[in-house]
Amino acid sequence: MADNNLIKKATSPELMDKVIFYFVDHGMQILTAIVLMGIGVFVARWSGNLVHRWLKTKAFDEPVSNLIVKVVRLLIIGLIGIMALGQMGVQITPLIAGIGVAGVGASLAMQGILGNLVAGLTIIFSKPFAIGEYIELLGVYGQVTEIALFSTTLLHVDNSRVIVPNRKIVGEILHNYGYIRQLDLTAGIAYSVDLTMALSTVNDILRQNPAVLKEPAPFVGIAALKESSIALAIKPWVKVEDFVSAQGAIYQAVIESFRDKKIEIAAPRRDIHLLNPLQTNPEGESHERT
């Protein structure tokens, strides 16, 4: 213990002397590095604001714009930081070489993460979909709520969320519904019903429903001729968030309006013909006629 204390007493003044001599010898370089970092932070903020204004003119979504601005600021601060280390006397070339070697090793170890990163940048710049649009791919579907560097978040109609890795999106077949969707509803009416009145009633229902969009115009017509009914096709356009609620409201209005106007909603019917009816013999026993 005594030897250790002597070593500490001997080395502590030497260490302090080295630190003091370093600051004395490199005082101007350290001051220059600090000023350089201050300028770098200012330039990063100014460049970020400039990029943000440019992205607004290109109609980029706000989350995507913020993400790009952060990346630009980090790159500028990182570059200025390396320059500041050079001013302080740190050898930049070995440092950059070491970062490069470490980057190669990290890239091999994190191929999936880097794949998601590259795919995320591809999505951000190519814009196959935007925040708020309804998309379907890889057997999953939902409204896009977030586009991040590594994943995209979809919102289902039941408020559950699906997190899709970006590398699973790029290169796959994607169905983009946009901000609106078309309902595919049907109603069966009897063959004896006045078809013109039935179609007019459905059109009136769609015009009165606030969730139904005027443009694109809804389609109402005959979908199919079935055995015991005429199937009417009811295909209005609604916003993505009204897709579920509008279906129930339209069906309820159709049922109530058809009842008020005595429009028969056809039910499945079957005519059964007995080819060998049962006969009763005089003793009261029944037998089948052959």
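**Note on helix H7 and the sheet S7-S9-S8**

1. Helix H7 lies across strands S7 and S9, and its direction is at about 15° to that of S7. The model under discussion is a predicted one.

2. The sheet beneath this description is open and consists of three strands in the order S7-S9-S8, with antiparallel pairing. Strand S7 (185-189) and strand S8 (219-225) each have a single partner strand and stand at the edges, so one side of each has no neighbour in the sheet. From one strand to the next, the twist averages 30°.

3. The pairing of S8 with strand S9 (residues 230-235) is antiparallel and comprises six bridges. Within this pairing, Gly221 has Ala233 of S9 as its bridge partner.

4. Val254 belongs to helix H7, which covers residues 243-260. Its relative accessibility is 5%, and Val254 therefore counts as buried, the cut-off being under 20%. Leaving aside residues up to four places away in sequence, Val254 touches Ala187, Ile205 and Ile234. Val254 and Val202 are separated by 52 residues in sequence, yet their C-alpha atoms are 6.7 Å apart in space.

5. For the protein chain as a whole, the secondary structure amounts to seven helices and 12 strands. Of its 290 residues, 29% count as buried. The chain exposes about 19,300 Å², of which carbon and sulfur atoms supply 62%.

6. On contacts across the sequence: among those in the protein chain between residues at least 6 apart, 62% join residues at least 24 apart.

Notes:
Residues numbered from 1 in each chain as written. Predicted model: local features only at pLDDT ≥ 70, side-chain atom pairs only at ≥ 80, totals over all residues. Heavy atoms only, no water. Helix = DSSP H or I, 4+ residues; strand = E, 2+ residues; numbered from the N terminus. Buried < 20%, exposed > 50% of the residue type's maximum accessible area, 1.4 Å probe, protein only. Contact = heavy atoms within 4.5 Å. Areas by Shrake-Rupley, 256 points an atom, 1.4 Å probe, with all protein chains shown as cover. Pairing = 2+ DSSP bridges. Axes fitted to C-alpha atoms, helices over the stretch in contact; angles between N-to-C directions.
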